[in-house]
Amino acid sequence: MMRLPRVEDFDTSLRGPETTSRVGVWLGLAFGICFATGVWSHLQYAGSSALVGPNPVSLYRVTQGLHVITGLAAIPLLLVKLWSVYPLLFQGLPRPTRQGIVDALERLSIAVLVASAIFQLLTGLLNIVQWYPWSFSFRSTHYALAWVAIGAVVLHVAIKLPIVRDALTRPLAEPDSGLSRRTVLRATTGATAAVAALTAGQSVGWLRQISVFAVRDGSGPQGLAINRTARAAGVLDTATADDFRLEIVAGDSSRTLSLVDLQALPQRTHQLPLACVEGWSRSAEWTGVAVRDLLDLVGAPADSTVRVVSLQTRGAFSQTTLPASFSADARTLLALRLNGETLNLDHGFPCRIIAPNRPGVMQTKWVTRLEVLA
Ligand SMILES: Nc1nc2c(c(=O)[nH]1)N[C@H]1C(S)=C(S)[C@@H](COP(=O)(O)O)O[C@H]1N2
Ligand SMILES: [Mo]
């Protein structure tokens with residue numbers, strides 16, 4: 001007769017609190033870093049916070065690189081942790097006693113934890129590969145569920161703390177023969193380190209050669225990856241048209257500049273990173289006109305909040321807002337050149353925004369209008 005397995009049916013020589021606690025510590029660390037850097041990314045996207053400014057130049061590059069590395073590293077850790085505890089699923093239903101109710105509540109909190117953790121890792125992973133098999137907003141859902149997940153993690157740690165403390169101080173209790181818990185832990189560490197190292201190459205230059213997990217290794221025309229091409233953005237004709245103009249508007253005052261006009265303005269060159277939310281980043285040399293110099297042309301103060309409008313008409317990021325602290329920074333450019341060459345069409349020709357410490361998606365390409373908002 002077939003029957004459901006019971007907890008006692010599973011081999012516990014490799015599992016147990018000794019294994020689970022050790023993997024759990026690493027997983028908790030990865031989740032913690034992933035959560036903190038994720039909340040930070042959310043703040044940077046909102047842009048309005050007093051905390052968010054153009055300095056340090058590479059802050060978003062580091063925080064978002066860490067977010068994606070720790071998120072991916074959490075996948076093998078979570079898999080091993082689930083493997084180590086899944087026999088408990090066959091524990092049988094809690095009894096209708098006081099203790100039974102507490103047990104049921106705890107199991108419910110674990111269900112929330114597991115579901116939200118899997119949801120976060122899966123949606124994050126799919127966002128990196130830019131596959132959206134859903135209709136909800138990735139950003140707001142991923143953000144909301146992050147609080148659910150971290151809340152469940154904190155609760156889980158609090159409940160399990162006595163068991164964890166006990167298990168970590170106990171030796172691993174190895175079997176005499178066969179696979180050992182130490183082997184399981186070593187394999188887990190190895191897999192996690194490998195995922196982290198193979199991903200880090202997206203952001204860390206010297207790791208780029210081994211970066212097989214990187215969705216984009218950062219290479220592309222002019223030494224920089226491309227996220228959306230001019231063709232995909234539907235700007236092939238408008239971006240290359242002879243009558244391309246940049247409009248700068250501040251209240252009643254406005255200026256219209258051709259590409260030749262822009263080239264005739266004082267040019268500045270800065271080394272600034274492009275750091276995508278997907279985790280890849282790369283530093284490059286950008287040359288162009290400082291946004292504050294353009295604001296000066298229409299009599300607007302350097303610390304103006306500026307709406308940046310792209311030739312691209314569709315998509316959430318065809319218009320972005322440059323907060324005052326970014327406009328005021330002399331390194332914030334309307335770039336015309338990249339690594340010593342005229343900007344490639346896919347990199348935003350004729351001109352694009354490049355500002356220090358700004359999420360990549362806000363480094364608007366194919367800019368045609370700057371509008372002073374305040
Ligand atoms: N107009 C416009 N600008 C854009 C985008 C876009 O889709 N449309 N993609 C952004 C994203 S997500 C990133 S990471 C950077 C990539 O710049 P690159 O293609 O020059 O590397 O451009 C940003 N600027
Ligand atoms: Mo991006």
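## Exercises on a predicted model

The axes of helix H3 (residues 98-128) and helix H4 (residues 138-169) come within 8 Å and cross at roughly 140°. Keep this pair in mind for the first exercise, and remember throughout that the model is predicted.

### Exercise 1: the H3 and H4 pair

Decide how H3 and H4 are oriented to each other, and describe their contact.

*Solution.* Start from the crossing angle, roughly 140°. Angles over 145 degrees would count as roughly antiparallel. The angle here therefore makes H3 oblique to H4. Next, take the handedness: the crossing of H3 with H4 is left-handed. Finally, sort the residues in the contact by class: 13 are nonpolar, nine are polar and two are charged.

### Exercise 2: a proline within a helix

Find the helix that holds Pro 76, then work out what surrounds this residue.

*Solution.* Pro 76 belongs to helix H2, which covers residues 59-85. Now turn to its accessibility. The relative accessible area of Pro 76 is 14%, and the cut-off for buried is under 20%, so Pro 76 is buried. For its surroundings, leave out residues up to four places away in sequence; Pro 76 then touches Ala 191, Thr 192 and Val 195. As a last step, compare sequence with space: Gly 190 is 114 residues from Pro 76 in sequence, yet the two C-alpha atoms are 9.9 Å apart.

### Exercise 3: a pair of strands

Trace the side chains of strand E6 (residues 319-322) and describe how E6 pairs with strand E5 (residues 306-310).

*Solution.* First comes the rule: in a regular strand, side chains alternate between the two faces of the sheet. Then apply it to E6. Thr 320 and Leu 322 point to one face and are buried, whereas Gln 319 and Thr 321 point to the other face and are not buried. For the pairing, E5 and E6 are antiparallel and share four bridges. One position to look up on screen is Val 308, which stands opposite Thr 320 of E6.

### Exercise 4: two cis peptide bonds

Locate the cis bonds that lead into Pro 56 and Pro 350, and place each proline in the fold.

*Solution.* Begin with Asn 55 and Pro 56, whose cis peptide bond has an omega of about -10°. Pro 56 sits in the loop that runs between helix H1 (17-46) and H2. Move on to the bond from Phe 349 to Pro 350, also cis, where omega is near 10°. Pro 350 is found in the loop between strand E8 (341-342) and strand E9 (352-354).

### Exercise 5: positive phi without glycine

Give the loop and the accessibility class of Gln 130 and of Asn 339.

*Solution.* Take Gln 130 first: its phi is positive, about 55°, although the residue is not a glycine. Gln 130 lies in the loop between H3 and H4, the helices of Exercise 1. With a relative accessibility of 30%, Gln 130 counts as partly exposed. Now repeat the steps for Asn 339. Its phi is positive at about 45°, again in a residue that is not a glycine. Asn 339 is placed in the loop between strand E7 (333-338) and E8. A relative accessible area of 34% makes Asn 339 partly exposed.

### Exercise 6: the whole chain

Step back and summarise the protein in numbers.

*Solution.* Count the elements: there are ten helices and ten strands. For the extent, the C-alpha trace spans about 80 × 45 × 40 Å along its principal axes. For burial, 47% of the 374 residues are buried. For contacts, consider those with a separation of 6 or more: 69% of them join residues 24 or more positions apart.

Key
Residues numbered from 1 in each chain as written. Chains lettered and ligands numbered in written order. Predicted model: local features only at pLDDT ≥ 70, side-chain atom pairs only at ≥ 80, totals over all residues. Heavy atoms only, no water. Axes fitted to C-alpha atoms, helices over the stretch in contact; angles between N-to-C directions. Helix = DSSP H or I, 4+ residues; strand = E, 2+ residues; numbered from the N terminus. Parallel < 35°, antiparallel > 145°, perpendicular 65-115°, else oblique. Left-handed = near helix turned anticlockwise from the far one by under 90°. Nonpolar A, V, L, I, M, F, W, Y, C, P; charged D, E, K, R; others polar. Buried < 20%, exposed > 50% of the residue type's maximum accessible area, 1.4 Å probe, protein only. Pairing = 2+ DSSP bridges. Contact = heavy atoms within 4.5 Å.
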